[in-house]
Each structure stands twice: as structure tokens, then as C-alpha cells.
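Subject: Structure handover and notes

Hi there,

Here is the structure I promised to pass on to you. Please have it open while you read, as my notes come straight after it.

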Amino acid sequence: MILDVSALLSGKVDVLEFDYIIPLLDEEGEATILPPPDVDFTSGIHICGRITDNAGYMALKASCEIGYRTACARCLTDLEGTFCYEFEKIAAKAGTIEGDEDNYVMITEGRLDLDRDVAEEVSLEFPTRFLCSEECLGLCPKCGKNRNLEPCDCANQKEIDPRLAILQKLLENQ
Ligand SMILES: [Zn+2]
Ligand SMILES: [Zn+2]
């Protein structure tokens with residue numbers, strides 16, 4: 001969505017609030033944000049925040065939420081949740097900033113289009129893996145059982161197939 005910030009620029013208002021949803025597909029049907037492998041996004045990006053004008057210094061503060069569906073990295077159980085991310089930037093007129101523009105969003109002719117920046121930000125901050133719980137015990141490398149649901153006796157049995165021992169090590173290190 002394009003925000004009209006002309007009232008802020010002209011000094012008519014000091015604060016401009018916004019609250020809207022960036023859909024997963026833009027008007028051309030292109031993805032606005034691509035999910036990482038093994039993740040599906042279940043909602044658009046809900047963004048809400050405000051721009052505050054402090055004598056020409058425009059501070060933008062926003063929080064974003066996006067719904068996702070994925071699987072636990074250890075036990076492969078389906079997970080659903082909402083990823084939340086907050087950020088702050090400075091809104092400045094395009095062409096007035098030199099050098100590093102990462103901390104800025106650009107106003108062009110009284111308009112501010114945050115969608116691309118927000119999608120990029122959320123995509124960068126989105127976790128690379130999820131766990132159903134920090135204490136998730138994962139799958140047993142020997143019998144394949146979900147050790148959160150059903151304890152197995154494999155760890156107490158002495159002879160472990162050497163090929164599985166390697167897998168067990170890998171799983172334990174996760
Ligand atoms: Zn798990
Ligand atoms: Zn087992």
C-alpha cells in the first residue's frame with residue numbers, strides 16, 4: 001500500500017499511523033515474499049506502526065506479523081505460528097540521503113511505499129529453523145520413534161549399527 005505522507009511533510013500533523021496487510025501476491029500475481037525451504041506462509045504481512053515528525057526528523061516505527069506453517073527440525077511434527085518482527089527506520093525524501101540507505105525508507109512526491117522494504121526485512125529476519133520446543137527430544141535414530149511421545153529403549157541397548165551411530169551423533173548435535 002502507498003501511504004500519503006504529505007500532511008506530515010507540510011506540518012499539518014505530527015504523527016501518521018498505519019495498519020494494513022501486505023498480501024502474499026502483488027497485483028501482478030508475483031510473490032511479495034518467498035518462504036524459505038519447508039515453510040509455507042499462511043497469511044500476508046500484517047504491518048502496523050507510526051511515523052512521528054520531530055522537527056523534520058521522521059522516525060518510523062513498525063511491527064510486522066506473518067503466519068507460517070512448517071515442521072519441527074528435530075521431530076518433524078507440524079508447527080504453525082506467527083512470526084513477529086519490529087523495526088525502526090528514518091523516513092527521508094528520496095535524493096536527500098547519501099551513502100548507506102539501509103536505515104531509511106524513501107518518500108517520493110509525498111508518498112511512501114513500504115511494502116518492498118518490509119517484505120525484504122521480514123524475509124531476512126525469518127528464522128531458518130523451528131523447534132516444537134527447546135526440549136524436543138527428536139526422533140530416535142535407531143527405531144525412528146518420536147521420543148517426545150514414546151520413550152524407547154534403544155539408547156540402553158549396547159550394539160548400535162555403526163551406520164546408525166553416525167546418524168545418532170548427527171541428531172544429538174542438532
Ligand atoms: Zn520437535
Ligand atoms: Zn528407539
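Below is what I found, going from the metal sites to the strands, the charged pairs and the surface. Please keep in mind that this is a predicted model.

**The two zinc sites**

Let me start with ligand 1. This zinc ion takes its protein donors from Cys72, Cys75, Cys132 and Cys136, in each case through SG, lying 2.3 Å from the ion. Along the chain, the donors of the zinc ion (ligand 1) follow the spacing C-x2-C-x56-C-x3-C. What is the arrangement of the four donor atoms around the zinc ion (ligand 1)? It is tetrahedral, because the angles they subtend are 104 to 115°, and four donors count as tetrahedral when all angles lie between 85 and 135 degrees. As for cover, Cys72 is buried, with a relative accessibility of 1%, and Cys75 is buried too, at 6%.

The zinc ion (ligand 2) is held by the SG atoms of Cys140, Cys143, Cys152 and Cys154, at 2.2 to 2.3 Å. Its donor residues are spaced C-x2-C-x8-C-x1-C in sequence. The site of the zinc ion (ligand 2) is tetrahedral, with angles of 105 to 113° among the four donor atoms. Two of its cysteines are covered to unlike degrees: Cys140 is buried at 4% relative accessibility, whereas Cys143 is partly exposed at 37%. The cut-off explains the label for Cys140, because buried means under 20% relative accessible area.

**Strand β4 and its neighbours**

Strand β4 spans residues 45–54 and has two faces. Ile45, Ile47, Gly49, Ile51 and Asp53 make up the covered face, while His46, Cys48, Arg50, Thr52 and Asn54 make up the uncovered one.

β4 pairs with strand β2 (residues 15–22) in the antiparallel sense, over eight bridges. Within this pairing, Asp19 has Cys48 of β4 as its bridge partner. β4 is also joined to strand β5 (residues 57–71), again antiparallel, by nine bridges. There, Asn54 stands opposite Tyr57 in β5. The hairpin of β4 and β5 has two residues between the strands, and Ala55 takes a positive phi near 50° in this hairpin.

**Salt bridges**

Side chains of opposite charge can pair when their charged atoms come close. How many salt bridges does the count come to? The count is five, and I describe some of them here.

Glu88 forms a salt bridge with Lys61, with the closest N and O atoms 4.0 Å apart. This pair links distant parts of the chain, since Glu88 is in strand β6 (residues 78–93) and Lys61 in strand β5, 27 residues apart. Are these two residues buried or exposed? Glu88 counts as exposed because its relative accessibility is 59%, and Lys61 counts as exposed at 51%. The value for Lys61 is worth setting beside the cut-off, as exposed means over 50%.

A salt bridge also forms between Glu80 and Arg69, where the closest N and O atoms are 3.7 Å apart. This pair too links distant parts of the chain, with Glu80 in strand β6, Arg69 in strand β5 and their positions eleven residues apart in the count. Glu80 is exposed, with a relative accessible area of 60%, whereas Arg69 is partly exposed at 39%.

Lys145 and Glu150 form another salt bridge, their closest N and O atoms being 3.6 Å apart. Both partners are partly exposed: Lys145 has a relative accessibility of 34%, and Glu150 has a relative accessible area of 40%.

**A surface patch and a buried valine**

On the surface, Ile166, Leu167 and Leu170 make a nonpolar patch of about 290 Å². Leu170 has its place in helix α3 (residues 162–173), and Leu170 is exposed, with a relative accessible area of 53%.

Val105, by contrast, is buried, with a relative accessible area of 1%. Val105 lies in strand β7 (residues 104–108). Which distance separates Val105 and Ala91 in space, C-alpha to C-alpha? The two are 4.9 Å apart, although they are 14 residues apart in sequence.

Happy viewing, and best wishes!

Notes:
Residues numbered from 1 in each chain as written. Chains lettered and ligands numbered in written order. Predicted model: local features only at pLDDT ≥ 70, side-chain atom pairs only at ≥ 80, totals over all residues. Heavy atoms only, no water. Buried < 20%, exposed > 50% of the residue type's maximum accessible area, 1.4 Å probe, protein only. Helix = DSSP H or I, 4+ residues; strand = E, 2+ residues; numbered from the N terminus. Pairing = 2+ DSSP bridges. Salt bridge = Lys/Arg side-chain N within 4 Å of Asp/Glu carboxyl O. Donors = N, O, S within 2.8 Å, 3.2 Å for Na, K, Ca; no water. Tetrahedral: all angles 85-135°; square planar, octahedral: opposite > 155°, others 65-115°. Patch = residues over 30% accessible without salt bridge, like charges linked within 9 Å, V, L, I, M, F, W, Y side chains within 5 Å. Areas by Shrake-Rupley, 256 points an atom, 1.4 Å probe, with all protein chains shown as cover.
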